[in-house]
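The following exercises invite the reader to examine a protein model step by step. Each task is followed by a worked solution.

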Amino acid sequence: MRTATDPVARQQITLLRQKIAELEGRAPLPLPPGERFARVVDLVAAEFTVPRDLVLGVTRQADAVLARHVAMALAQRCLAYSLPRIGRLLARDHTTVLHGVRRIARMAADDAAFAARLDRLAETIRNRRIPA
């Protein structure tokens, strides 16, 4: 019997979650490369040195979750995406996105260096004028 820590079992769980999201009408993973959000995810993944697949996936590794939450916050801040839209792009509920956005806001309020890092990422997104 496989356990949740087994890499094969984790991959199977990820595939099942993606299929469920697809059946529920949420965007399947990975996102098409032309999506604006996909480019934000790529930027955040590079900034936090986390593989793109982990940012988009279901892992609960702290570094991947932080990068995922930053991508959520930047999508809301820079792309003006709604919480439900971000949730659909990440195959998550809008309340999960709300939690992530609020977490990043708290972290930015408590840590000036982190806030400056977010501002730099937001400015990069705006300057690149990420196309659709």
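**Exercise 1. Charges over rings**

Over the face of which residue does Arg117 lie, and at what distance from the ring centre?

*Solution.* The model is a predicted one, in which local features need pLDDT of at least 70 and side-chain atom pairs count only at pLDDT 80 or more, while totals for chains, interfaces and linings use all residues. Residues are numbered from 1 along each chain as its sequence is written, and side-chain values use heavy atoms, with hydrogens and water left out.

Step 1. Apply the criterion: a charge sits over a ring if NZ of Lys or CZ of Arg is within 6 Å of the ring centre and within 35 degrees of the ring normal.

Step 2. Arg117 lies over the face of Phe48, and the distance to the ring centre is 4.1 Å.

Step 3. A further case is Arg85, whose charged end sits over the ring of Tyr81 at 3.8 Å from the centre.

Step 4. Pairs of rings are a separate matter. Rings of Phe, Tyr and Trp (its six-membered ring) pair if their centres lie within 6.5 Å; planes under 30 degrees apart count as stacked, over 60 as edge-to-face and the rest as tilted. By this rule there are zero aromatic pairs.

**Exercise 2. The overall fold**

Determine how many helices and strands the protein chain has.

*Solution.* Step 1. Helices (H or I, at least four residues) and strands (E, at least two) are DSSP runs, numbered from the N terminus.

Step 2. The protein chain has seven helices and zero strands; along the sequence this reads as α-α-α-α-α-α-α.

Step 3. Burial is judged by relative accessible area: buried means under 20%, exposed over 50%, and partly exposed in between (1.4 Å probe, protein chains only). Of the 132 residues in the protein chain, 38% count as buried.

Step 4. A contact means heavy atoms within 4.5 Å. Among contacts in the protein chain between residues at least 6 apart in sequence, 60% join residues at least 24 apart.

**Exercise 3. The faces of helix 6**

Identify the buried residues of helix 6 and explain why they line one face.

*Solution.* Step 1. Helix 6 has 17 residues and spans 24 Å from its first C-alpha to its last, close to the 24 Å expected at 1.5 Å a residue; the expected span is 1.5 Å times one less than the number of residues.

Step 2. The buried residues of helix 6 are Val97, Gly100, Val101 and Ile104.

Step 3. Viewed down the axis of helix 6, these buried residues fall within an arc of 95°, so they line one face of the helix. The arc is that of the directions from the helix axis to the C-beta atoms.

Step 4. The buried residues of helix 6 pack against helix 4, helix 5 and helix 7 (112-128). The face turned away from the buried side of helix 6 carries the exposed residues Arg102, Ala109 and Asp110.

**Exercise 4. A link between two helices**

Establish what joins the side chains of His69 and Arg103.

*Solution.* Step 1. Locate the partners: His69 is in helix 4, whereas Arg103 lies in helix 6 (residues 94-110).

Step 2. His69 is buried, with a relative accessible area of 7%, while Arg103 is partly exposed at 23%.

Step 3. The two residues are 34 residues apart in sequence and 7.6 Å apart in space, C-alpha to C-alpha.

Step 4. A polar contact of 3.0 Å joins the side chains of His69 and Arg103. A polar contact is a pair of N or O atoms within 3.5 Å; within protein, one must be able to donate a hydrogen and the other to accept it, and residues adjacent in sequence count only if both atoms are side-chain atoms.

Step 5. Leaving aside residues up to four places away in sequence, Arg103 also touches Val65 and Leu66.

**Exercise 5. The ends of helix 5**

Find which residue caps the N-terminal end of helix 5, and which takes a positive phi just after helix 5.

*Solution.* Step 1. Ser82 is the cap: one of its side-chain oxygens lies 3.2 Å from the backbone nitrogen of Arg85.

Step 2. Just after helix 5, Ala91 has a positive phi of about 55°.

Step 3. Ala80, in the loop between helix 4 (62-79) and helix 5 (83-90), has a positive phi of about 60° although it is not a glycine. Most residues other than glycine have a negative phi.
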